[in-house]
Structure formats: C-alpha cells, structure tokens
Amino acid sequence: MDEKQRVWNSVLGEIELNISKPQFNTWIKNTYPISMDETEIVICVSSAFTRNWLENKFNLTILNSIQKITGSVKKVRYVVQNTQKTNSKSIKSVINLKDQELQSQKEALSAKSISHGGFNSESGNNFVQTQRQNGTSLLKENYTFENFIVGSSNELAHAAAQSVANEPGTRYNPLFIYGGVGLGKTHLIQAIANKLAKNNKNILYVTSDIFISDLMNSLKNGKMEDFKARHRAVDLLIIDDIQFIGGKEATQYEVFNTFNELYAHNKQIVFTSDRPPSAIKTLNDRLKSRFEGGMIVDVAIPEFETRVAILKSKCMQKNFELTDDIIYVIAQRIKSNVRELEGALNKIIARVQLLNTKITPELVDKLIEGGQIHSQRIVSTDTILNIVAEHFHIKKEDLLSKSRKKDIAVPRQIAMYLIREELKLTFPNIGEALGGKDHSTVMHSWNKIKKDLASNYTLEQDIAMIKNKLYNEENPENS
Ligand code: ADP
Ligand code: MG
C-alpha cells in the first residue's frame, strides 16, 4: 500500500467512528487519494455534495489524522469525479427497455394531467376512492423546505432532498431516506414533491399501502396497463414507507419494473423507510441492490438545539408566542420524536387558549410529568390488541379468530382501526396481525369505524378510553 493510501485509510478510519455505516458506505467509501506531495493531498470524491460535506463537517478530523502520520501535509484538496454515469449505463443494459411502448403510453397520458395524487378522475379505481374518502390531497402544503428545520440529525437527508428537488433524476437516484417514526421523512420527501409540483413536473406520491392496494385492485380488475401507465409517466415517483413491501412478491416485482422504467429514463425515484434496505426482511436481493445503488441517508433524533428551533418555528407558523423558558422545558422533556414535540406544543397552546391561564415553565413541566401532555409511548400491535381485548372483556384470541359475533366483531374492527391510526401499518399488514384477514376486510373496518365515530358517542368514548390506556401508562420514554 502506498503512503497516500495509508494516510487516507487512517482518515477513513476516524470518520467511520463518527457516522453510521450506511452513511459511510454512501458517502465515503468510494473516495480515494489521487496524489500527495509534501504539503497537499488530493482526494477523489463522487459528488460535490460529498466534497462539501467532508470540508464542512470533517475538516478538523481529516487534518488531525493526516498530521498524525505526516507532519508536513497542510492541505486537502477534493476533486469530484462522477461515478454515477457508469452506473446508470450498466443498469440500462441489464433491463430490457421498451422505449417505444413507454413513449406511446406517455402520449396517451399526456392529454390527462397528472395531479398530485398522480391519478385522474376518470379512472374510477380504488386508488382514487381512497383519496376521496380521506378527503385530502396526500401532499401537505406546509411540508416545504422552508418549514423544515435543519440540524445535525437531518442535515444530510435535507441536503440530499434539496439536491433532488433541484436536479431530479440526475445524481441521487434513487434517494432512500430512512429513520424512526416522526423524524421528518414524510415532510422532507413531500417538500421535494411540493417544490417540483411548482415547476410543473408530473409527480406521484404514494404510501406503500396505497401502492399495494392499487396494484391488487388493478390486477383483480384487469387494469394493469392503466396502473403501469400511471406509475411510469411521471417525473418523480415517491413511495413512502417502502418497508411494508417486505415479503410481498407481486408488489416487489412491480416496484422493480416501475423502478427500472423510470430510472432508465432519468426520472427521479424517492423512497422512505423506517430502516435501511439491508434491514428490510424478505426484500428480494435485486430490489435491495436497486435501493442501495443510489443515495442512502438517515434521519436521526434531533438534538436539543434543533428541538428548540423546531418548536420556535411551529409557534411562528401558528402565530403563537411562548417564552423561551417554556420552549426549553418542552424540548428537554420530549426527546425522541418531532411529531410528539409538535403534539405537546399543540396541547399546551390549546390549554392556554381554552383556559386562559397563565402558563409557566413549572406548570408545563408538571403537565408533562403528570402525563397530561406527555410524550406518547411507542405502542405495538400487541399492546393495542391486548388493551382492546381487556377493554371489551374478551380474549385476544377472539380478536384473531373468525367469529362474527357482534361482541367480538366490533372490537376487532376497533382494533384494526386503532392499529391503522396509531401505528400507520398497511392494510395487508394489519390483516396479517389479526390472524390472516384480507386487506379489503381491514380497509372496510377502518372506514366503518371512521364513519361511525362521527355519530356514535359510545364508540367515541370507547376509543378515547382505549387510547388513554394505550398512552397514559407509565412511559419509559419520558424518564
Ligand atoms: P416521519 O415520516 O419520519 O414519520 P413526519 O415527516 O411525518 O415523520 O414528521 C412528523 C411531524 O414532525 C410533521 O408534522 C413534520 O412537519 C414535523 N417535523 C419533523 N422533522 C421536522 C423538522 N426538521 N422541522 C420541522 N418540522 C419537522
Ligand atoms: Mg412518514
């Protein structure tokens, strides 16, 4: 091994200690030294982004470890060499391209405009219905880059997302963002979509369960051509929470095909997941390697300063003022998840407005401590099933059974509804968790409870009590 490689290896060793493995693999692994003289070492990196990142974040680390080995080198220079090009060529040659077919599909579609949801009112499939039932567009207007607070926990993901929004389909394709619940993944990818929507790009944003149920319906109704056309005539395809396709062969097959078509045409693809591709069980290898072939970044739990900044920004958006010491208390107490942070803030604001009380840091502290404005504990499917069963004085096994007796069927529907609402599991996954029920049964139950809630006071009370039991027990996250 030559001297420059030895020097650079020791730098890599130090950086590796400071960042996660996927990050290291995405950003750093493919860097190498080109030359080194008395005073300067020149490093080849794969993107301007990596260069900036090394310069801004690791400059000291890099120089320190270089100087441990060679006292004389005082400067590191980075040159960018794009390795992405060769990548895309090799993929293009592997997949069987049907350019003309795709072109004619595009032409057929170009007359109809693709909306945010990526579908039009004529197709009349279940996908559209899911949308209408929810009554909202899947894209939230306020999920923008402007409203996203950047800290060290998310700066890479943020930079990558911005870069994708600025130059879709070029460098970071696919973009794969992963991390725990409530850490801003959906916000970031919708920021990309919102930005590109302004530039008149065709965008399709789906969650993986919408993708799955749309696919199942299209297969059932002989509408696959329609499905394919809709998913392939876009400039940007986003699939949120892709982890749920694990174990679903037909879905993975279609994601793979869609991916290849879009990728070959330099269309941007973005995924989020609660874990990196390598940790998604029963994800087939070829899809895994597609996911890993682009940019993988994670979002982590924000540190105190970022939590404070997020709270301040949310206050501003709501036009509500809270003193710094109150904000500090919230940020100190609620650590693990931005959604909870926001939830706590909302409850405090509501309380102030409702009761017209003077709110003090001590009061906020007490409220959070006492569990009235608490960080939600993370519940599992099992917890929900147990608590629902306990609430209705039935056995958990009854919920998993096929019994149609009303005093079992209704609690079962409530359990399905709660798992969906609280854990955001996909309909097929909920079906599995309830002893192998069909996804359409789950969807139906969820819809029914959602609808009944508006008019059925007893049901509302039951659900409120169950939620109370779910979240108001001693919360380990808070200690
Ligand atoms: P995830 O998809 O990772 O579960 P979301 O994107 O749904 O999380 O984020 C949960 C909530 O927290 C959203 O309301 C989002 O706007 C907010 N949020 C998360 N991270 C940030 C951030 N860095 N700045 C501002 N708001 C954030
Ligand atoms: Mg999300």
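A residue is called buried if 20 or more other C-beta atoms lie within 10 Å of its own. The exercises below apply this to a predicted model.

**Exercise 1.** Determine which residues of helix H19 are buried, and how the span of H19 stands against the expected one.

*Solution.* Begin with the extent of the helix: H19 covers residues 406-423, which makes 18 residues. From its first C-alpha to its last it reaches 25 Å, close to the 26 Å expected at 1.5 Å a residue. Next, apply the burial criterion, which picks out Pro411, Arg412, Gln413, Ile414, Ala415, Met416, Tyr417, Leu418, Ile419 and Arg420 in H19. Finally, look just after H19, where lysine 424 takes a positive phi of about 55 degrees.

**Exercise 2.** Establish which strands pair with E6, in which sense, and how E6 is covered.

*Solution.* First take strand E5 (residues 203-207), which pairs with E6 in the parallel sense over 5 bridges; here leucine 204 has leucine 237 of E6 as its bridge partner. Then turn to strand E7 (residues 268-273), which is also parallel to E6, with 4 bridges, and in which valine 270 is the bridge partner of isoleucine 238. The connection follows: E6, helix H11 (residues 249-264) and E7 make a right-handed β-α-β unit. As for cover, 5 of the 5 residues of E6 are buried, with Leu236, Ile238 and Asp240 pointing one way and Leu237 and Ile239 the other way.

**Exercise 3.** Describe how strands E1 and E2 are arranged.

*Solution.* Strand E1 (residues 32-36) and strand E2 (residues 40-45) run antiparallel and are joined by 4 bridges. Within this pairing, serine 35 stands opposite valine 42 in E2. With 3 residues between them, E1 and E2 form a hairpin.

Terms used
Residues numbered from 1 in each chain as written. Chains lettered and ligands numbered in written order. Predicted model: local features only at pLDDT ≥ 70, side-chain atom pairs only at ≥ 80, totals over all residues. Helix = DSSP H or I, 4+ residues; strand = E, 2+ residues; numbered from the N terminus. Expected span 1.5 Å × (residues − 1). Buried ≥ 20, exposed ≤ 12 C-beta atoms within 10 Å, placed from the backbone. Pairing = 2+ DSSP bridges. Right-handed = clockwise from strand over helix to strand, strands pointing away.
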